Amino acid sequence: MELNFDFFNNWVQAKLGIKLTAYKQRQMQRRIGNIMRTTGAKTLEEYAHVLETDAQARKAFIEHLTINVTEFYRNRDLFDVFEKQLLTTIIPKFPNPKIWSAACSEGAEPYTLAMILEKHHLQGAKIIATDIDDDILAKAHQGCYRKDQLKNIAPADLNKYFTAVAGDRYQVTSGLKKQIVFKKQDLLKNLYEKNCQVIVCRNVTIYFKPEVRDEVYQKFSDSLVTGGILFTGATETINFPEQFNLRKLDSFIYQKI
């Protein structure tokens with residue numbers, strides 16, 4: 001079946017404000033085809049009509065595209081390296097850093113950052129957490145998680161920062177919540193945070209086309225102060241970071257130069 005992706009890309013950008021052409025084409029088209037078939041639509045024109053008239057289908061479409069896989073301390077070994085660099089590279093120079101968790105999904109990442117700050121008594125730091133999806137941001141602000149999402153958290157920290165609630169779920173403490181400001185933001189069209197000492201954006205740019213990915217990295221670099229660091233995902237090595245005024249500091253950690 002031939003699908004009119006040019007029409008659909010234009011429709012989604014005009015109606016939903018999402019720039020599908022920035023993402024890797026085959027991967028995105030496969031995801032769209034999968035979610036479209038769940039509605040019974042046979043063409044992208046039919047699917048566009050479904051999205052325009054059915055709020056639940058529209059919500060499911062946006063959530064499906066934004067790929068919200070999340071857990072605390074994802075790739076724990078890399079977070080250990082990040083924590084070391086935070087304490088040795090950032091805190092001596094910037095005692096109260098501004099930290100931006102970009103594309104934060106359901107909030108596991110910024111709450112992980114909040115636990116690290118709390119552990120080292122760095123309450124003066126500021127965490128900004130952003131995502132494109134209003135519903136996902138609402139879940140992040142609520143801060144309630146399945147037990148499997150907490151598998152990398154030490155038992156003592158689980159008891160300290162979470163309360164068990166019904167249905168085998170855990171609620172983050174109000175103390176952690178107070179450290180984070182959640183905001184809606186689209187990396188492909190909105191203004192970036194400024195004067196950041198730390199940016200954490202993990203497992204996001206792998207979905208972008210190379211030219212879009214490089215534009216995002218340049219904007220991250222522009223958002224960092226000199227000496228600030230960018231922490232990327234475990235499959236997001238930046239080749240030739242110097243082109244973005246960055247240098248490799250450690251595994252998946254880059255410093256603004």
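In this predicted model, Lys19 counts as partly exposed, since its relative accessibility of 40% lies between the 20% under which a residue is called buried and the 50% over which it is called exposed. The residue belongs to the loop that leads from helix H1 to helix H2 (25-37). When residues up to four places away in sequence are not counted, Lys19 touches Gln13 and Leu188. Trp100, by contrast, stands 81 residues from Lys19 along the chain, and the C-alpha atoms of the two residues are separated by 22 Å.

The helix that precedes this loop, H1, comprises residues 5-16, 12 residues in total, and spans 15 Å from its first C-alpha to its last, which is close to the 16 Å expected at 1.5 Å a residue. Its buried residues are Phe5, Phe8, Asn9, Trp11 and Val12. Viewed down the axis of H1, these buried residues fall within an arc of 165 degrees, and they therefore line one face of the helix. Asp6, Asn10 and Ala14, on the other side of H1, are exposed. Just after the helix, Gly17 adopts a positive phi of about 75 degrees.

Two open sheets are described next. Strands of a sheet pair through backbone hydrogen bonds, and this pairing may be either parallel or antiparallel. One sheet is made of three strands in the order S3-S5-S4, with antiparallel pairing. Its edges are formed by strand S3 (144-146) and strand S4 (162-165), each of which pairs on one side only. Direction ignored, neighbouring strands of this sheet are turned against each other by 35 degrees on average. Strand S3 and strand S5 (residues 169-172) run antiparallel and are joined by three bridges, and Cys144 has Gln171 of S5 as its bridge partner.

Within the edge strand S4 of this sheet lies Phe162. This residue has a relative accessible area of 5% and is buried, because a value under 20% meets the criterion for burial. Phe162 and Val172 are 10 residues apart in sequence, yet their C-alpha atoms are 4.5 Å apart in space. With residues up to four places away in sequence left out, the contacts of Phe162 include Val172 as well as Gln171, the latter being the bridge partner of Cys144. Also among the residues touched by Phe162 are Phe72, Met115, Tyr145, Leu150, Ile153, Asp157, Tyr170 and Thr173.

The other open sheet contains seven strands, arranged in the order S6-S2-S1-S7-S8-S10-S9, and its pairing is mixed. Strand S6 (180-184) and strand S9 (246-250) are the edge strands, each pairing on one side only, and the twist from one strand to the next averages 25 degrees. Strand S7 (residues 196-200) and strand S8 (residues 224-231) pair in the parallel sense over four bridges, and Val198 stands opposite Ile229 in S8. Helix H10 (residues 210-223) packs on this sheet, where it touches strand S1 (98-101), S7, S8, S9 and strand S10 (253-256). The direction of H10 makes about 135 degrees with that of S8.

How values were computed. Residues numbered from 1 in each chain as written. Predicted model: local features only at pLDDT ≥ 70, side-chain atom pairs only at ≥ 80, totals over all residues. Heavy atoms only, no water. Helix = DSSP H or I, 4+ residues; strand = E, 2+ residues; numbered from the N terminus. Expected span 1.5 Å × (residues − 1). Buried < 20%, exposed > 50% of the residue type's maximum accessible area, 1.4 Å probe, protein only. Arc of directions from axis to C-beta. Pairing = 2+ DSSP bridges. Axes fitted to C-alpha atoms, helices over the stretch in contact; angles between N-to-C directions. Contact = heavy atoms within 4.5 Å.
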